[in-house]
Amino acid sequence: LMSYRHHDRLGDWRTSLGMVELNENLQPLSNKPILVPSELRDNSQEDGRTFLHQNALWLSWTVSQYPTQEHKSIVAYGKLVEGKDSWTIASHHIPDYGRNTFEATEKNWVFLSRENKLYALYMTYEEQVWIELEGSRVEEVHKSKALRWPYAAIHGGAICDSQNGNLLHFFNSHTAH
């Protein structure tokens, strides 16, 4: 499965989410929209990231407020349910942490499930923060100094298990040039 965003609303910049199922040769088998909760549908839906939690498929994504003069966004997540013609986010949560209230730009949180607990990696230039979540509620917060990377701050990406039991963090960063 691969989630993606696309411009399907004529006349404005908002995007929607979709899910394509690929075969072993990376050829599409099916392509369905991801239906977000009704109270978020008028916004732009971006950066869908799938992850497994409690033996189910979940999605985290960025919701960019619309209409607005200044870009403001939040991070949401929810359990995915596949239907005949679409995927639906059956229940969703908006974590109560940081500036995740449409008062600023929040994005690039990375979710990870371990031993039936859900964590989100929240990063700033100064620190990295692991947030243990139960729905929208923050159960625990673990902070450490941010890892330094010579090509600017580390943002988003995905975290995967490696063969030796460690975690691999794929991420993005950029410099002004």
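How many residues does the hairpin that joins E6 to E7 run through? Keep that in mind; the tour gets there shortly.

**Before you click**

You have a predicted model open, so local features are taken at pLDDT of at least 70 and side-chain atom pairs count only at pLDDT 80 or more, while totals for chains, interfaces and linings use all residues. Residues are numbered from 1 along each chain as its sequence is written, and side-chain values use heavy atoms, with hydrogens and water left out.

**Stop 1: the whole chain**

Switch to cartoon view. You'll find 13 strands and 0 helices; helices (H or I, at least four residues) and strands (E, at least two) are DSSP runs, numbered from the N terminus. Read along the sequence, the pattern is β-β-β-β-β-β-β-β-β-β-β-β-β.

The C-alpha trace spans about 45 × 45 × 40 Å along its principal axes. The radius of gyration is 17 Å, which agrees with the value near 16 Å for a compact globule of 177 residues. That radius is taken over C-alpha atoms, and the globule rule is 2.2 Å times the number of residues to the power 0.38.

Now try a surface. The chain exposes about 10,700 Å², with carbon and sulfur atoms supplying 48% of it; the areas come from the Shrake-Rupley method with a 1.4 Å probe, and for residues only the protein chains shown count as cover. Of the 177 residues, 40% count as buried. Buried means under 20% relative accessible area, exposed over 50%, and partly exposed in between (1.4 Å probe, protein chains only).

As for contacts (heavy atoms within 4.5 Å), take those between residues at least 6 apart in sequence: 40% of them join residues at least 24 apart.

**Stop 2: strand E6 and its partners**

Select residues 73-82. This is strand E6, and it is mostly covered, with 7 of its 10 residues buried. Add residues 56-64 for strand E5, which pairs with E6 in the antiparallel sense over 7 bridges. Two strands count as paired if DSSP finds at least two bridges between them. Zoom in on Ser-64 and you'll see its bridge partner in E6, Ser-73.

Then add residues 87-93, strand E7, which pairs with E6 in the antiparallel sense over 6 bridges. Here the bridge partner of Tyr-77 is His-93 in E7. And the opening question: the hairpin from E6 to E7 runs through 4 residues.

**Stop 3: the E8-E9-E10-E11 sheet**

Where next? Strands of a sheet pair through backbone hydrogen bonds, either parallel or antiparallel. Look for an open sheet of 4 strands in the order E8-E9-E10-E11, with antiparallel pairing. Strand E8 (110-114) and strand E11 (137-145) stand at the edges, each with a single partner strand, so one side of each has no neighbour in the sheet. From one strand to the next the twist averages 25 degrees; axes are lines fitted to C-alpha atoms, and angles run from 0 to 180 degrees between N-to-C directions.

For a close-up, select residues 117-123, strand E9, which runs antiparallel to E8 and is joined to it by 5 bridges. Val-110 stands opposite Leu-121 in E9.

**Stop 4: charged pairs**

Show Lys, Arg, Asp and Glu side chains. Side chains of opposite charge can pair when their charged atoms come close. The whole structure has 8 salt bridges, each a side-chain nitrogen of Lys or Arg within 4 Å of a carboxyl oxygen of Asp or Glu. Here are some to select:

- Glu-46 and Arg-5: the closest N and O atoms are 3.6 Å apart. Glu-46 lies in strand E4 (residues 44-53) and Arg-5 in strand E1 (residues 2-6), so the pair ties together parts 41 residues apart in sequence. Glu-46 is buried at 7% relative accessible area, and Arg-5 is partly exposed at 45%.
- Asp-12 and Arg-14: their closest N and O atoms are 2.7 Å apart. Asp-12 is partly exposed at 21%; Arg-14 counts as buried at 14%.
- Glu-106 and Arg-99: the closest N and O atoms are 3.7 Å apart. Glu-106 is buried at 3%, whereas Arg-99 is partly exposed at 46%.

**Stop 5: His-53**

Is His-53 buried or exposed? Select this residue in strand E4: His-53 is buried, with a relative accessible area of 6%. Leaving aside residues up to four places away in sequence, His-53 touches Trp-58, Ser-113, Asn-116, Lys-117 and Leu-118. To finish, draw a C-alpha to C-alpha distance from His-53 to Lys-79: they are 26 residues apart in sequence and 8.6 Å apart in space.
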